[in-house]
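Visitor: Please give a close account of the charged side chains and how they pair, with enough of the surroundings to place them.

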Amino acid sequence: MSMDSSKLPLLLFSASLFFTAASSIGINYGQIANNLPHPEAVVPLVKSIGATRLKLYDADPRVLKAFANTGVEFIVGLGNEYLASMRDPKQAQAWVKTNVQCYLPATKITCIAVGNEVLTFNDSTLSSNLLPAMENLHAALVSLNLDKQVMVTTAHNLGILEVSYPPSAGAFRRDLTQKLSCILDFHGKVGSPFLVNAYPFFAYRANPKQIPLDFVLFEGSGIVDTGSGLHYDNMFHAQIDAVQSAIEKLGYKNVCLQISETGWPSKGDADEAGATPDNARKYNRNLLKLIAEKKGTPMRPNLNLNIYVFALFNENQKPGPTSERNFGLFKPDGTPVYDLGFNVTGLASTNSPSSGGTSGGTMPTVSSPPNGYLSITADDAVLFNGVLCVSNVGRRRMAPGSVGLPLGVRRI
């Protein structure tokens with residue numbers, strides 16, 4: 001059953017100065033759940049923890065409208081199922097108009113993430129649609145004079161690597177090298193970042209007897225990369241630099257690498273080693289310290305990683321192992337899953353309906369009539385900034401399944 005957000009209390013927790021120095025915290029806002037509060041109730045929670053950036057897996061109009069005039073920056077997503085339609089420039093422009101343009105400038109949308117972890121599905125049709133979709137969406141932004149404020153990118157998991165250790169030997173899978181070269185070339189031309197989802201938890205879960213827990217929780221003495229001589233005191237940095245090495249091997253040293261997902265679950269199945277509240281607290285607390293210190297990696301000490309933590313809430317309808325439903329920093333009622341030292345203002349009271357399920361309402365239909373103009377219809381269209389806005393992406397994000405790669409991969 002959906003939660004009645006009008007009954008949600010204002011939750012206040014003890015103050016802490018621990019994260020006063022933290023800047024530009026990014027969080028993934030997933031919604032595969034039937035008990036999440038309405039986005040309007042989430043605004044004060046997000047602001048109270050100092051989050052200035054949110055990443056969606058769709059372009060949910062309720063979220064984008066709720067966060068208008070808050071200054072929070074958004075990455076909006078276009079689901080994998082819509083890549084094929086984006087090969088049509090007219091449909092790409094229609095998507096940008098209805099999911100990005102009509103929310104600007106009140107809602108600060110700065111990026112479109114096209115698909116998610118597409119290349120490691122090993123689906124040739126899907127992967128062949130990725131770059132054309134990115135190019136057409138960027139062209140649509142250019143035609144609307146939005147390309148200087150909204151970037152186009154896509155997120156990859158670590159399954160794109162063939163070699164991940166030591167970091168200096170990092171190399172992409174040979175069967176993906178050509179596609180990745182073309183994507184990197186796109187990033188270089190338009191100035192958008194190469195996004196990676198990095199999860200030390202999955203590496204530890206796959207091999208807990210061989211991987212020291214303190215190394216994945218940012219609390220170990222670390223390792224020395226025999227190839228570069230650089231010291232790594234945590235796996236997170238080792239994962240990132242392995243990708244950085246792979247990028248540089250293809251000759252794209254000037255493309256910026258950023259982290260679109262990382263996190264740790266507070267609960268897991270019996271065979272999911274390390275999935276505990278204490279380990280999740282340690283991982284994310286140390287991660288937030290790293291964000292506050294604005295540290296790069298041993299290979300790139302000045303790199304702005306622009307990290308997005310996964311995730312804002314536990315999501316009770318995600319399939320897969322128990323861990324998948326327990327990556328949230330917060331429970332659906334706005335209380336912290338574990339103490340991260342935040343001075344937290346919980347969910348605001350609101351009379352608006354809660355988010356309900358995860359289907360995202362009626363999907364709009366996009367058709368091309370004889371006159372060449374696109375007609376877009378949907379039952380959940382909203383009027384925003386005087387413009388009819390329609391989201392033609394669902395609110396479900398396909399959930400990750402099994403993982404088994406050396407440095408941790410969260411597969412969907």
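Guide: Exposure is graded by relative accessible area: buried is under 20%, exposed is over 50%, and partly exposed lies in between, with a 1.4 Å probe and protein chains only. The model is predicted, so local features need pLDDT of at least 70 and side-chain atom pairs count only at pLDDT 80 or more, while totals for chains, interfaces and linings use all residues. Residues are numbered from 1 along each chain as its sequence is written, and side-chain values use heavy atoms, with hydrogens and water left out.

On this scale Cys182, at 31%, is partly exposed, and Cys256, at 29%, is partly exposed. The disulfide count is zero, a disulfide being a pair of cysteine sulfur atoms within 2.5 Å.

Turning to the charged pairs, a salt bridge requires a side-chain nitrogen of Lys or Arg within 4 Å of a carboxyl oxygen of Asp or Glu. By this rule there are 13 salt bridges. In one of these, Glu162 pairs with Arg174, their closest N and O atoms being 2.9 Å apart. Glu162 belongs to strand S6 (residues 161–163) and Arg174 to the loop between strand S7 (171–172) and helix H5 (177–190), so the pair ties together parts that are 12 residues apart in sequence. Helices (H or I, at least four residues) and strands (E, at least two) are DSSP runs, numbered from the N terminus. Glu162 is partly exposed at 40%, whereas Arg174 is exposed at 68%.

Helix H9 (residues 277–293) holds both Lys282 and Asp278, which are four residues apart and thus separated by about one helical turn. Their salt bridge has its closest N and O atoms 3.4 Å apart. Lys282 is partly exposed at 24%, as is Asp278 at 36%. Salt bridges link Asp278, Arg281 and Lys282 in a network. Another salt bridge joins Lys295 to Glu293, with the closest N and O atoms at 3.3 Å; Lys295 is partly exposed at 47%, and Glu293 is partly exposed at 47%.

A further polar pairing involves Asn129 in helix H4, which is buried at 8%. The side chains of Asn129 and Arg87 form a polar contact of 2.9 Å, a term for N or O atoms within 3.5 Å; within protein, one must be able to donate a hydrogen and the other to accept it, and residues adjacent in sequence count only if both atoms are side-chain atoms. Leaving aside residues up to four places away in sequence, Asn129 touches Leu83, Ala84 and Arg87, contact meaning heavy atoms within 4.5 Å.
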